[in-house]
Amino acid sequence: MRETIQIRRVRPEEYDAVGAMVRAAYAGDYTLNDEYLAEIEDVAGRDEVSEVLVAVDRGTGDLLGTITVPRRGERLIDDTAENEFDVRLLGVSRAARGRGVGQAIMRHAADVARSRGLDRVVLHTGEQMLAAQRLYERMGFVQIPEREFTIERDIGPLRILSYGLDVDRVTA
């Protein structure tokens, strides 16, 4: 799959399409509040303060997936250590699921971390995001229980899990 997709920085004319793609990917599978769904859709805002990457089909140009990563020397998540590379908002279009897009994006993230001299990729994910957890675990990510927490929301509490992967141990 890696040969058939290109992973690159999002283009401004793609912001709306990427936001809609990720919102559809998340809202179709998870119960999320409107505030978080609005954050998911704000690709332009995220791309101003971090780097939003997209996976694109090389043949058709179709958007397949996305992830948000920090700019060099910065962090997205408060509990990220100096030697870690934190990622957020991995999303794969519903039409591209089952094609290895999420895995290709996560491998790319590990490559970026390695190129920046960082040792580990870290992330948070909701307890209900079982498909994402299976992907992370298949790739060799392990839970970091001391970084997990619960968010109180108007639609009920949500347990947030934390995962990490040493960049030299990427599998699957």
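The following dialogue examines how certain terms apply to this predicted model.

Tutor: In this predicted model, local features need pLDDT of at least 70, side-chain atom pairs count only at pLDDT 80 or more, and totals for chains, interfaces and linings use all residues. Residues are numbered from 1 along each chain as its sequence is written, and side-chain values use heavy atoms, with hydrogens and water left out.

Student: Why is L89 called buried?

Tutor: Buried means under 20% relative accessible area, exposed over 50%, and partly exposed in between, with a 1.4 Å probe and protein chains only. L89 has 6% relative accessibility, so L89 counts as buried.

Student: What is notable about the phi of L89?

Tutor: The phi of L89 is near 55°, a positive value in a residue other than glycine. L89 is found in strand β5 (residues 88-92); a strand is a DSSP run of E with at least two residues, numbered from the N terminus.

Student: What makes β2 and β3 a pair?

Tutor: Two strands pair if DSSP finds at least two bridges between them. Six bridges join β2 (residues 51-57) to β3 (residues 63-69), so these antiparallel strands meet the definition. In β3, T68 is the bridge partner of V52.

Student: In what order do the strands of the open sheet lie?

Tutor: Four strands form the sheet in the order β1-β2-β3-β5, with antiparallel pairing. The edge strands are β1 (5-9) and β5, because each pairs on one side only.

Student: Which residues is V121 in contact with, leaving aside its neighbours within four places in sequence?

Tutor: Contact means heavy atoms within 4.5 Å. Among the partners of V121 are F85, V87, M106, F141 and Y163.
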